[in-house]
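Where does a protein leave empty space? Take a look at the model below, then read on for a tour of its hollows.

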Amino acid sequence: MFATRKAFLAVILLVLGLKTNQVFSQQASEAIRLNQVGFYPKGPKMAVVLGDASGGSFQLTTPDRKKVLFTGKLSETRLALSGKKTRIADFSTFQTPGTYVLVVPETGYSYPFFVKANVHRPLAIGAIKSYYYQRVSTDLTPEFAGQWSRPAGHPDTRILIHPSAASANRPAGTVISAPRGWYDAGDYNKYIVNSGITVGTLLSLYEDFPTYFQSFTTNIPESSNQVPDLLDEVLWNLRWMLAMQDPTDGGVYHKLTNPSFDGMIMPDKATKDRYVVQKSITATLDFAAVMAQASRVFGSYKQALPGLADSCLTAAVKAWEWSKKNPALFYRQNEMNQQFDPDVVTGSYEDRDASDEWIWAAAELYATTKNEAYYTAVNLFPDTQMPLPSWPQVRLLGYYTLARLTTTLTPLAQKDFPDLKKRLVGFADNLIQGADRQAYQTVMGKSASDYIWGSSSVAANQGIALIQAYRLVDRRTPNAQKYLQSALSNLDYLLGRNATGYSFVTGFGSKPIMNPHHRPSVADGITAPVPGLLSGGPNGNAPRQDKCAGYTATSADEMFIDAACSYASNEIAINWNAPLVYLAAALEAIQTEAGYTSEKK
Ligand code: 9MR
């Protein structure tokens, strides 16, 4: 009699005097934005409600919305970049562990979320595990990769010296072997500059929280050895990096790449010739920094990894010496292509200023060797600027190291420490300034210029800068708490408290991105993308850059689509995932001393 079940129900409801949307809206409201994973019991807890929410109140309920456990008042109305109105629901005082939803009577209800200790541990594990899925030259077996198991791609044992990279000992066409490493991003190439900041960030995480990583396992083939899994993962890429140095002169090839990007195919189907191209000053200095740091870190694992720490230091010093002789050898892809064949059109990671790479390399070499010649070779503090780390800007990585290790350094560096500390703390103060009044109440997005290609890494790197400040100040002061809360606000941003409503991490949250620009995720025929990957995130210029159809946003904070063609807003990359790993793992490591939970992990 009734055409559909829905029509039948509508009539019944009419009889009962109910509106259909009261029954049919069994879906969480897109207008409530929050960290879709959850919160620490005694940590800050916030949601953002879009629109007027004129009643001005909200509730926390059980997931079935039957039992109200907490009632609160929404903040005053704020304006997002788009002009949309938001109000903040702050329920930090609610501390009982459990699973809840947040209800705003006029708006709807949120996705369910946890309040519990160690709430971000699975994310920290997942985010580092994503590097296992990015491994080159090895089978991913079901034991470690589950449904994302796949055959090895790119043995990389027959790599050609590109004419741009030819030297007396290695003329063009010479074959070298440079296996392993991680795929850079959604593409299958391997770039030293980007590997540099990635490995530097992960090693810094280890140096900042060594104890935490003794019991942190990610189910990788090396999990049963004597080395923490985080370091085993780093080692997969480090061994590749070592093979990118010309043993004759110490210079480091800028990248190992196909001439052009592969199609959206699985790695084992991508079998084009690969080359190493010209050596560059930025790649070589980043390499020197990373190897010096690795030598320090792996120096504690001499028994398990004999010779490694020494080899890293030798490689770092050789790279430094090459750099002194070749300071002007920048990578210029277009110029290279005018001179040499085949043309190479993959990621260029071009950077016209190596002053920050010099600072980072000098700081790491000095911190490892204590040889003051490195400290004085470069003007480490050329000005008072504190640029947020990104692949072309690595100055702060050097500063973090000098601050972290200050007590082990010579008096020469120690005398600069008070100033350095002031700058790092001042940088954090600038980051938090005004964040409390933002539409999403996050540090991320205070400025529209935060929404660049890879903006998620801006959020995560701001979080690291705040944690660095937290580590430098007296932890009992209100400021220390403020730095941590603000770092957490940016993790909340990444997991859903943002203008797009997505969790930017695959596999985490109720509305995670599903279609990253990531070749294996597109080509493997599995609905769920490879987990633990961080999407680049909103990018004001994305429509112009990737020309993917479907952008409708008018403001930078919303300029994002969850589509595989959107490589300027929805690609993934190793240098974006690393600060996410840092942020999630550091907060986990700190949660007890921060008073966010009384449970120990
Ligand atoms: O992260 C890089 C971003 O800062 C640049 O604006 C962009 C365009 O040059 O390239 C990004 O890096 C890409 C690299 O060139 C190739 N692999 C994928 C990287 C992420 O999109």
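The largest pocket has a volume of about 910 Å³. This is a predicted model, so treat each value as computed from the prediction. In all, 38 residues line the largest pocket. Closest to its centre are Tyr349, Trp391, Trp453, Gly454 and Trp576.

Which elements give two or more residues to this lining? They are helix H14 (417–432), helix H15 (455–472) and helix H19 (574–590). H15 gives the most, with four residues. Domains matter here too. At least three lining residues come from domain 1 (5–116 + 473–594), and at least three come from domain 2 (135–389). By class, the lining of the largest pocket holds 18 nonpolar, 13 polar and seven charged residues.

**The ligand**

Now turn to the ligand. Which residues are around it? The list runs Asp184, Ala185, Asp187, Tyr191, Gly347, Tyr349, Trp391, Trp453, Glu571 and Trp576. Tyr349, Trp391, Trp453 and Trp576 are also among the residues closest to the centre of the largest pocket.

Three side chains around the ligand each place an N or O atom by a ligand oxygen. The table gives the distances.

| Residue | Distance from a polar side-chain atom to a ligand oxygen atom |
|---|---|
| Tyr349 | 3.3 Å |
| Trp391 | 2.9 Å |
| Trp453 | 3.1 Å |

How much of the ligand does the protein bury? Taken alone, the ligand exposes 460 Å². The protein buries 76% of that.

**The cavities**

Next come the enclosed spaces. Rolling a probe the size of a water molecule over the atoms shows where empty space is left. How many cavities of 30 Å³ or more does a search of the whole structure find? It finds three.

The largest cavity has a volume of about 80 Å³. Its lining is made of Gly200, Thr201, Ser204, Pro389, Leu397, Tyr400, Asn461, Ile464, Gln468 and Tyr582. Helix H5 (192–208), helix H12 (395–404) and H15 each supply at least two of these residues. H15 therefore appears again, since it also gives four residues to the lining of the largest pocket. By class, the lining of the largest cavity has five nonpolar and five polar residues. It has no charged residues.

The second largest cavity has a volume of about 40 Å³. Around it stand Tyr375, Phe381, Leu402, Thr406, Leu409, Ala413, Asp416, Phe417 and Leu420. Seven of these lining residues are nonpolar. One is polar and one is charged.

**Two backbone details**

Finally, look at the backbone in two loops. Is the peptide bond from Asp341 to Pro342 cis or trans? It is cis, with omega near -5 degrees. Pro342 sits in the loop between helix H9 (333–339) and helix H10 (355–369).

Asp156 is the other case. Its phi is positive, about 55 degrees, although Asp156 is not a glycine. Where is Asp156 found? Its place is in the loop between helix H4 (142–145) and strand S11 (159–161).

Definitions and conventions
Residues numbered from 1 in each chain as written. Predicted model: local features only at pLDDT ≥ 70, side-chain atom pairs only at ≥ 80, totals over all residues. Heavy atoms only, no water. 1 Å grid on protein atoms, 1.4 Å probe; cavity = no way out; pocket = protein on both sides within 12 Å on 5 of 7 lines; lining within 4 Å. Points joined across faces, edges and corners; volume = space filled by probe spheres on them. Nonpolar A, V, L, I, M, F, W, Y, C, P; charged D, E, K, R; others polar. Domains from an automatic or database assignment. Near = heavy atom within 4 Å. Polar contact = N/O pair within 3.5 Å; in protein donor to acceptor, adjacent residues only side chain to side chain. Areas by Shrake-Rupley, 256 points an atom, 1.4 Å probe, with all protein chains shown as cover.
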